[in-house]
Amino acid sequence: MLRNKILYLIFIAVLPVVHGYGQVNQTARQKPKIDLMVFGTISLYENDPRISANTGPLAGYGISIRTELPISKGIKLVTGLELISQGLKFDSYYFSNGYSVLFDKNFNYNHLIRTYEVDLPLLMRVNLTPREESAYHSFYFSAGWEIKYNLLAHSTISNSSDGSLIYDGDIDLPYENHFLGKNVGNYLVAGLGYVHTFLPLKDAVFFDFTYRYCLSRNLYTGNQNSNYLFFRNTSLSMGVGVRF
């Protein structure tokens, strides 16, 4: 059931992209535009300092395809599909099954988490450049909402004192507040961008800066409930792409 819902959401997000190619009778300015972008991501994680320390991000990256649907002069609806990988590291406890649980503030275990997600954005984009000046270049502001679905999460746990490997495998990272299932979350999104257009073809290159704030925390339970730690993800992505 959940898989069918996700496939339906992906279909709804990608449908405008396909539909955009069929608008052959519209002028070049009115036609939907297709954006292809690659981007790097700086992730910012918040977790409980009482049971963790030295929290920091790992390298993040992603790729997206979006369509821009004109609504009125200078305003567009933007939707599509994104694939993003993020990661974090921190020091914390590791409580094996059958062993005593002692919160002694000795965070002797290093945890590395790598996530892979698919996002479905629904954004409004507003042109910030006067129309008479935007033929060749323009700035824009975008804001809205994204559905976030966790495809895969992987954890590596090691002993900080001697570097020995404790666990290396896939994990669950359910959301504290479920939306269409335990692996589905939400972002609030805001961004700025710059577009340089090549006339007369109307193709363009663009640079995009996007901030994402996850509305729900993830629950990390490590290996067989070795941990119990909530963390929240926010991120800033910086991308470059082509529009046609």
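**Note on the predicted model: buried polar residues, one cavity, and confidence**

1. Tyrosine 220 is buried, with a relative accessible area of 0%. Its place is in strand β9, within a model that is predicted rather than determined by experiment. Two polar contacts involve the side chain of tyrosine 220: one of 2.8 Å to the side chain of histidine 111, and one of 3.0 Å to the side chain of serine 155.

2. Which residues surround tyrosine 220, leaving aside neighbours within four places in sequence? The contact list holds Phe90, His111, Ile113, Ser155, Ile157, Ile171, Leu173, Asn227, Tyr228, Leu229 and Phe231. Isoleucine 113 is 107 residues away from tyrosine 220 along the chain, yet their C-alpha atoms are separated by 9.4 Å.

3. On the overall fold, the protein has one helix and ten strands. Read from the N terminus, the order is α-β-β-β-β-β-β-β-β-β-β. Of contacts between residues at least 6 apart in sequence, 69% join residues at least 24 apart. The protein has 244 residues, and 45% of them count as buried.

4. Asparagine 150 belongs to strand β5, which covers residues 137–159. Is asparagine 150 buried or exposed? Its relative accessible area is 11%, and it counts as buried because the cut-off for that class is under 20%. The side chain of asparagine 150 has a polar contact of 3.4 Å with the side chain of tyrosine 175. The side chain of asparagine 150 also reaches the backbone oxygen of leucine 173, again at 3.4 Å.

5. Beyond four places in sequence, the contacts of asparagine 150 are Tyr116, Glu117, Leu173, Tyr175, Asn183 and Asn218. Several of these names return in the lining of the largest cavity, among them Glu117, Leu173, Tyr175 and Asn218. Asn150 is itself one of the lining residues.

6. How many cavities of 30 Å³ or more does the model hold? The count is one. The volume of the largest cavity is about 70 Å³. The elements giving two or more residues to its lining are β4, β5 and β10.

7. The full lining of the largest cavity consists of Tyr45, Gln86, Thr115, Glu117, Lys148, Asn150, Leu173, Tyr175, Asn218, Phe231 and Asn233. By class, the lining residues are four nonpolar, five polar and two charged. Phe231 in this lining is also in contact with tyrosine 220.

8. Asparagine 47 is another polar residue worth inspecting. Asparagine 47 lies in strand β1, residues 33–47. With a relative accessible area of 17%, asparagine 47 counts as buried, because the value is under 20%. Its side chain has a polar contact of 3.0 Å with the side chain of threonine 55, and another of 3.3 Å with the side chain of serine 52.

9. Not counting residues up to four places away in sequence, asparagine 47 touches Ser52, Thr55, Phe90, Leu229, Phe230 and Phe231. Ser52 and Thr55 in that list are the partners in the polar contacts of asparagine 47. Phe90, Leu229 and Phe231 also appear among the contacts of tyrosine 220.

10. Two residues other than glycine have a positive phi and should be looked at. Lysine 105 has a phi near 70° and sits in the loop between β3 (75–92) and β4 (109–127). Glutamine 224 has a phi near 55° and is found in the loop between β9 (218–220) and β10 (229–243). Is glutamine 224 buried or exposed? Glutamine 224 has a relative accessibility of 56% and counts as exposed, because the cut-off for that class is over 50%.

11. On confidence, the mean pLDDT of the protein is 86, with 86% of its residues at 70 or more. Over residues 5–14, however, the pLDDT is below 50, and this stretch has twelve contacts in the model beyond near neighbours in sequence. Residues 16–28 also stay under 50, and the model gives them 17 contacts beyond four places in sequence.

Methods. Residues are numbered from 1 along each chain as its sequence is written. This is a predicted model: local features need pLDDT of at least 70, side-chain atom pairs count only at pLDDT 80 or more; totals for chains, interfaces and linings use all residues. Side-chain values use heavy atoms; hydrogens and water are left out. pLDDT is the predictor's confidence in each residue, from 0 to 100. Contact means heavy atoms within 4.5 Å. Helices (H or I, at least four residues) and strands (E, at least two) are DSSP runs, numbered from the N terminus. Buried means under 20% relative accessible area, exposed over 50%, partly exposed in between (1.4 Å probe, protein chains only). A polar contact is a pair of N or O atoms within 3.5 Å; within protein, one must be able to donate a hydrogen and the other to accept it, and residues adjacent in sequence count only if both atoms are side-chain atoms. On a 1 Å grid over the protein atoms alone, a cavity is a set of points where a 1.4 Å probe fits but cannot get out, and a pocket is an open set with protein on both sides within 12 Å along at least five of seven lines; lining residues have an atom within 4 Å of a point. Grid points are joined across faces, edges and corners, and a volume is the space filled by probe spheres set on the points. Ala, Val, Leu, Ile, Met, Phe, Trp, Tyr, Cys and Pro count as nonpolar, Asp, Glu, Lys and Arg as charged, and the others, Gly among them, as polar.
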